[in-house]
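Trainee: Could you take me on a close look at a single strand and its surroundings? I would love to see how one part fits into the rest.

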Amino acid sequence: VVVRDQVKVLVISENDTPVVTDAPTGRTEVLSGNTIAPFGDAGTSLSDSDLNEIITVRIQLDDAEKGSFSDSTGLFVEAPVDSGIYLATGPAGPVQTSLQGLQFALRPGYPVPAGEPGVEVSVLVTITDRQSAKVEFTFVLLVRIDQVARVVLNTDDSGAGSLRQAIGEAG
């Protein structure tokens with residue numbers, strides 16, 4: 001019996017880092033009372049060339065009291081609740097769809113710092129895969145407070161167009 005030489009081949013693939021394109025950068029502005037989809041508006045896309053790779057996206061607000069993200073797909077969850085940290089895990093496609101749909105809204109009544117045009121919210125985004133390859137980026141949302149000029153139509157003490165009414169509407 002003759003046994004021929006056997007050759008064993010061990011294939012080791014290199015882990016590729018998840019790829020993010022068109023991520024929000026710098027500062028994005030929105031008027032108070034409106035929601036903003038910073039990832040959808042920027043056209044953010046996610047991919048990972050590793051076969052069947054699962055990625056995790058972690059979004060952290062600098063202060064959870066300022067506002068929150070909402071996700072109509074239910075993939076992103078705030079964990080722990082009211083922490084300002086949002087997590088989603090899955091294949092790049094579904095996570096990207098959910099990420100693009102995230103809507104940020106300022107908490108109603110959140111106080112604007114004196115002398116500032118609005119509230120700045122810093123957002124840190126970390127994307128990892130199962131092998132811990134990581135991508136991070138930050139951006140700022142500036143939620144401008146809609147300041148409406150009030151016109152005084154008469155000098156009467158009360159009634160339509162009075163100074164008292166204009167001050168009352170200004171809050």
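Mentor: Happily, and let us take β4, which has two unlike faces: I55, V57, I59 and L61 make up a covered face, while T56, R58 and Q60 make up an uncovered one. Please keep in mind that this is a predicted model.

Now look at what surrounds the strand. Helix α2, residues 92–101, lies across β4 (55–61) and β7, and the helix runs at about 20° to β4.

Within the sheet, β4 has a partner on either side, as the order β2-β10-β9-β4-β7-β6 shows. On one side is β9, residues 118–129, which is joined to β4 by seven bridges and runs antiparallel to it. You can find your place in this pairing at T56, which stands opposite T128 in β9. On the other side is β7, and here six bridges hold the pair in the antiparallel sense. A good landmark for this pairing is Q60, with I85 of β7 opposite. Both T56 and Q60 belong to the uncovered face of β4.

Following the sheet outwards from β7 (residues 85–90), you reach β6, which is antiparallel to β7 and joined to it by two bridges. There, E78 has Y86 of β7 as its bridge partner. With β6 (77–78) you have come to an edge of the sheet, and the other edge strand is β2 (27–31); each of these pairs on one side only. The sheet is open and has six strands, and although β4 is antiparallel to both β9 and β7, the pairing in the sheet is mixed.

For a companion to β4, try β5, residues 67–70, where the side chains also take turns. G67 and F69 point to one face and are buried, whereas S68 and S70 point to the other and are not. The partner of β5 is β8 (residues 103–106), running antiparallel and joined by four bridges; in this pair, G67 has L106 of β8 opposite.

Finally, step back to the whole protein. It has three helices and 10 strands, arranged along the sequence as β-β-α-β-β-β-β-β-α-β-β-β-α. Of its 171 residues, 32% count as buried. Among contacts with a separation of 6 or more, 65% come from residues 24 or more positions apart. The protein exposes about 10,600 Å², with carbon and sulfur atoms supplying 51% of that area.

Definitions and conventions: Residues are numbered from 1 along each chain as its sequence is written. This is a predicted model: local features need pLDDT of at least 70, side-chain atom pairs count only at pLDDT 80 or more; totals for chains, interfaces and linings use all residues. Side-chain values use heavy atoms; hydrogens and water are left out. Two strands pair if DSSP finds at least two bridges between them. Contact means heavy atoms within 4.5 Å. Axes are lines fitted to C-alpha atoms, for helices over the stretch in contact, and angles run from 0 to 180 degrees between N-to-C directions. Buried means under 20% relative accessible area, exposed over 50%, partly exposed in between (1.4 Å probe, protein chains only). Accessible areas come from the Shrake-Rupley method with a 1.4 Å probe; for residues, only the protein chains shown count as cover.
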